[in-house]
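Thanks for asking me to look this one over. Here are my notes, written as numbered points to read alongside the model.

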Amino acid sequence: MGYILGVNAPPTLLQAEQCPFGGHDPSACLLDEQGRIVAMEEQERISRKRYGVFEDPTDAIASCLEIAGISRGDVEVVAVGWDVPRIAAITGERWTYSSADAYLRRLGFDPAVHRPELVFVEHHRAHAAASFYASGMTEAAVLVMDGNGEDESVSVFHGKPSGELVRKVRLPQSHSLGDMYAAVSAHLRLGLLNAGKTMGLASYGRQAGLEPFPMLDEEGGPLFPHHEDLQQEAIMEAWREYLTTLVRPRLAARDLMHEHEPSVRLAWSAQFAVERQHARLVELSRKITGVDAVCLSGGVALNCSANGRLEGTVFCPPVPHDGGVALGAAWSVRRPVTPEMMNPFLGSPLKGEVPAELGGVDIDLDRVVELLEQGAIGAIAAGRAEVGPRALGHRSLIAMPSVKGIRDRINVAKSREAWRPLAPVSLDSTAARFWEVKDPLQRYMLGATPVTEHAREAMPEAVHVDGTARAQIVSADGSPFAAILTRLESAGLPPVLINTSLNALGEPIARTVDDALKTYEQCALDFLILDDRLIVRG
């Protein structure tokens, strides 16, 4: 058997500005004959264009093939995380055999030389597969919530012991939690794809006890006239009109938004609505499948505040966003033979040479701990890059959360809004000292949680205004990240660090040595770990 290549690519042949479907987070994933992940890459990490909007994943495909040491001729099937012919019908395009060849050529294949089988997978089915098969579970309810699939916004599947995914529920575009949250983010002028900022701002409303604006009805639909046949463009326009009746578009300076009550109240209203509907949908998923374990997927599953408030067994992969449908599409063709929880370190190894003038020495963990204790801000770029939007320790910026003012220093260095929180990380054996552990959600930093009283003293710079933290847990696996945490513990210091992504303003997470060095200079970091080398600013 040959390799299976999964992709997420803008699915329509129309011009980019006309495309209502997807258009962001292009990616590629390569599976071997056992359904094991050989490599996975996101186009933005290579093109250096944030979210890779309307890019084809050609560089991501090339990188996966390079990691595997194969050529396009070794690819048996190309699986796409969208039902492209169905979308063509919705958008009024004509889909033919030649259209399929054109699609393959967009992805770098020459059908005259080698024509792999082209398989189109429903978007929500691809999302569901990317979560269920990544969980290692033999049976689970699978809840998909995003902006849009082909013409749905919420789906519930039953992941059965046989490996089959059976759809049980489908809700129309009008019920899209992703569209609602994106509309609020845009109304606040935080950016259509910057839901994480809205989530951070919402916590100020939770902490202040603000009354949320009404957003959704009891069925989870919007509070403006709508019908099931509305598509995304019409829904977004209706949300824009409705939000204008609640709050004028933001006038406060971005750094002062947390002091602007109307902005905070609107962000909190969106978050409150998502949390209520999220919890209802989880319970619905359990009821109709008869299974307690729930796997989450879709862009809404990145809402770690909502995830962290769920009870029972909940799993979310590191790639619940659209980038993950490359994996889900591939797994829809060839499921993994041996179920196991997904390893997120699937990108390229660290590539590039360190300029001689920067010097550097072999890693000395005692020196690293000393620097951190003195208030240094550093970074790690080691091993294969993590996939997904969260830095998980292989491309991370780190600091001690006990150092007064370190959050402000990091936010200034990265040109982030001062009110945005930073995430803490600890070993799975020590995390309970600092927060309520929610494993496996916190393996991929996807479950916010209340912190302990000890944490307020030991890591005050990583505690958000509402007393929670977007926490991460790691195993003592020998990586530099885990080794530093272990050395902090042995030195009698709290084994907890700030972990945020290794990137500067507007940049995707670093991938190569050059990317890491660029962030090192732009953010004026104090030290940088590159695989087994330590560079300290003179």
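The points below cover helix packing, a sheet and a cavity.

1. Before the details, please keep in mind that this is a predicted model. Everything that follows describes that prediction.

2. Let's begin with helix H6, residues 177-187, and its packing against helix H7, residues 195-208. Their axes lie 9 Å apart, and the angle between them is about 80°. Angles of 65 to 115 degrees count as roughly perpendicular, so H6 is roughly perpendicular to H7.

3. Which residues in H6 meet H7? They are Tyr-181, Val-184 and Ser-185, and on the H7 side their partners are Ala-195, Thr-198 and Met-199. By class, the contact of H6 with H7 has four nonpolar residues, two polar ones and no charged ones.

4. H6 also packs against helix H9, residues 261-289. Here the axes come within 10 Å and cross at roughly 170°. Because angles over 145 degrees count as roughly antiparallel, H6 is roughly antiparallel to H9.

5. From H6, the residues that meet H9 are Leu-177, Met-180, Tyr-181, Val-184 and His-187. H9 brings Leu-266, Ala-267, Ala-270, Gln-271, Ala-273, Val-274, Gln-277 and Leu-281 to this contact. The residues of the contact divide into 10 nonpolar and three polar, with no charged residue. If you are looking at side chains, Tyr-181 and Val-184 are worth finding in the viewer: they appear in the contact with H7 and also in the contact with H9.

6. Next, the sheet. It is open, has eight strands with mixed pairing, and its order is E11-E20-E19-E12-E13-E18-E14-E17. What are the edge strands? They are E11 (361-362) and E17 (472-474), each of which pairs on one side only.

7. At the E11 edge, the neighbour is strand E20, residues 533-536, and the two strands run antiparallel, joined by two bridges. You can locate this pairing by finding Asp-362, which stands opposite Arg-533 in E20.

8. Finally, how many cavities of 30 Å³ or more does the structure hold? There is one, and the largest cavity has about 50 Å³ of space. Its lining is made up of Met-40, Glu-41, Glu-42, Arg-45, Gly-347, Ala-385, Glu-386, Val-387, Ala-510 and Arg-511.

9. Strand E3, residues 37-42, gives the largest share of that lining, with three residues. Sorted by class, the lining of the largest cavity has five charged, four nonpolar and one polar residue.

Methods:
Residues numbered from 1 in each chain as written. Predicted model: local features only at pLDDT ≥ 70, side-chain atom pairs only at ≥ 80, totals over all residues. Heavy atoms only, no water. Pairing = 2+ DSSP bridges. Helix = DSSP H or I, 4+ residues; strand = E, 2+ residues; numbered from the N terminus. 1 Å grid on protein atoms, 1.4 Å probe; cavity = no way out; pocket = protein on both sides within 12 Å on 5 of 7 lines; lining within 4 Å. Points joined across faces, edges and corners; volume = space filled by probe spheres on them. Nonpolar A, V, L, I, M, F, W, Y, C, P; charged D, E, K, R; others polar. Axes fitted to C-alpha atoms, helices over the stretch in contact; angles between N-to-C directions. Parallel < 35°, antiparallel > 145°, perpendicular 65-115°, else oblique. Contact = heavy atoms within 4.5 Å.
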